[in-house]
Amino acid sequence: MANVPEGLYYSKDHEWLRVEGETGTVGITDHAQHSLGDVVYVELPKSGETFAAHDTFGSVESVKAVSELFLPVAGEVTEVNESLTDEPEKVNTDPYGDGWMLRVKLSNRGEVDSLLSAAEYEDYIGSLE
Amino acid sequence: MSATTLKQTPLNAMHRRLGGRMVEFGGWDMPVQYPAGTVEEHQATRTRAGLFDVSHMGEIEVRGPGAIAFVNRLCSNDASKLVDGQAHYTALTTERGTVVDDLLVYRFGPEHLLLVVNASTTEKDWDWLNSHRGEEDVQLTNRSADFCQIALQGPSALSILQTLTETPLEEIKYYHFREGKVDGVDAIISRTGYTGEDGFEVYAAPEHAEALWQKMLDAGRYGEPDGVLPCGLAARNTLRLEAGMALYGHEITEETTLLEANLGWITKLNKGDFTGRDVLARQKEEGVTRKLVGFEVTERGIARDGQDVYVEGSRAGHVTSGSPAPFLKKNIGMAYVPAEHATVGREIQVDVRGRKVAAQIVPVPFYKREKK
């Protein structure tokens, strides 16, 4: 069973968002990393780039497959997890911790209301199986 | 195609018990990976042993006084050179010298051959063989349902399998086979594989598949840190790619000739006539216009199947297989490029989803095991 921590927001594209004030931290869910398999490559944007909600902000690759990454909410990138360049496996081992991908300055705090809660996301991934 | 119509090997329930992630592959429900993951499975095969269910492969028996002549007329390698107990890699060719399928031919006797073909092309090959029957006196039988096939590959494969058979495995040379018993049941023990490692492919009646598989896992101490791992299709693909082996539908198709695909070594132009021989002979004389090469990505990025290849700014070909290579820890691939550019050291670019990524043509195979 995939780990779905309380207190985070989730998208149907399997990204999570942690909101602290005006800052959002983004990564992919445990369900996503598990479906993907061994992550061998993460392509991320640079600080300062801005994205609309649901924009592609990068990609994550396993041996077998490529998945695009979608930003759950609009924002400007303030920090990128550079350590994933050399240690992409952190996305597998700690998807909600050391495997985080981006910090963004939220453009519109209200957008988070359109995302799923932990319980809703859990139901959603249950419905996919 | 819905899950209910997919074909299953006799190991389907076993894969599910082992936690295999099942996917559709050529009409079959097959494990793409097990819980250890593709990278671990790949490394286990390179350093210890990996176990693969290849029961989906097709087996077509050719019997009769004309068996060798028949196979020799339709395939590019020279089946008359095989001796009893020997196998070889060959191709069924079209009139254009392109590839209907690649396969192994096993010689059991002068009037008894077994063709082992790709899963997704078994029906096509069966129809092709039947529609190209000639004067030769042969009986063809599709025996695909009569065999399970389990591949045990890696440096420990021999010692693991030896605990289950009295057949002296050391005596079986590469690309040779013996009929014997494995775990007490009749089996064909073939020293062949698709990983670039030493290893065996064991054919037996499908009702013995589960017991054989379980015995091989146990003998290989599956579950211990240095034990054998069951391997899915993803590891099978990365292993064969590192070893520079072609995959039907990727490097070789009905649109690629054997010579373009660097399969001149199985193209015996002097053995007598075979389908497509004249085209291939002419191509050999005039030279090919495009050629399959291996490349290594030299900056950050992973090339994938189907992506465009550029040479000096112009689109020059496409990637046939591209992937991270887990053992070499590089991102590698194979591609068709114009023959004039097909030289080791040549810089090329791969269009990775809109970004041109630098790569360099390198020798194939990418990986070669150290021979004992």
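What follows is a friendly exchange about how the terms apply to this predicted model.

Me: Before we start, which conventions apply to this model?
Reply: The model is predicted, with local features needing pLDDT of at least 70 and side-chain atom pairs counting only at pLDDT 80 or more, while totals for chains, interfaces and linings use all residues. Residues are numbered from 1 along each chain as its sequence is written, chains are lettered from A and ligands numbered from 1 in the order in which they are written, and side-chain values use heavy atoms, with hydrogens and water left out.

Me: How do you know that chain A is in contact with chain B?
Reply: Contact means heavy atoms within 4.5 Å. By that rule, 17 residues of chain A are in contact with 17 residues of chain B.

Me: What makes up the buried area between chain A and chain B?
Reply: Buried area is the accessible area (1.4 Å probe) that two parts lose on being put together, summed over both. Here chain A and chain B bury about 1300 Å², with 49% of it on carbon and sulfur atoms. On the side of chain A, Tyr41(A), Val63(A) and Lys64(A) lose the most area to chain B, together 43% of what that side buries.

Me: Why is the pair Glu43(A) and Arg355(B) called a salt bridge?
Reply: The term asks for a side-chain nitrogen of Lys or Arg within 4 Å of a carboxyl oxygen of Asp or Glu. The side chains of Glu43(A) and Arg355(B) meet at 3.3 Å, N to O, so the pair fits the rule. Across the interface of chain A and chain B the rule finds three salt bridges, and a search of the whole structure finds 29 over all chains.

Me: Why does the pair Arg355(B) and Glu43(A) join two chains?
Reply: Arg355(B) lies in strand E19 (residues 355-362) of chain B and Glu43(A) in strand E4 of chain A, so two chains are joined. Helices (H or I, at least four residues) and strands (E, at least two) are DSSP runs, numbered from the N terminus.

Me: What makes a polar contact, and how many residue pairs are there between chain A and chain B?
Reply: It takes a pair of N or O atoms within 3.5 Å; within protein, one must be able to donate a hydrogen and the other to accept it, and residues adjacent in sequence count only if both atoms are side-chain atoms. Between chain A and chain B, 13 residue pairs are in polar contact, both residues at pLDDT 80 or more. The elements giving two or more residues to the side of chain A that touches chain B are helix H1 (30-36), strand E4 (39-43) and strand E6 (56-62) of chain A. E4(A) gives the most, with four residues.

Me: How do you know that E6(A) and E7(A) pair?
Reply: Two strands pair if DSSP finds at least two bridges between them. Five bridges join E6(A) to E7(A), which run antiparallel, so the requirement is met. One bridge partner is Glu68(A) in E7(A), which goes with Ser59(A).

Me: What makes E4 and E7 of chain A edge strands?
Reply: Their open sheet of three strands has the order E4-E6-E7 (chain A), with antiparallel pairing. E4 and strand E7 (66-70) of chain A each pair on one side only.

Me: How do the six strands of the chain B barrel run?
Reply: They close in the order E14-E17-E16-E15-E18-E19 (chain B), with antiparallel pairing. Two bridges join strand E15 (residues 308-311) to strand E18 (residues 347-352) of chain B, which meets the minimum of at least two. Val309(B) stands opposite Val350(B) in E18(B).
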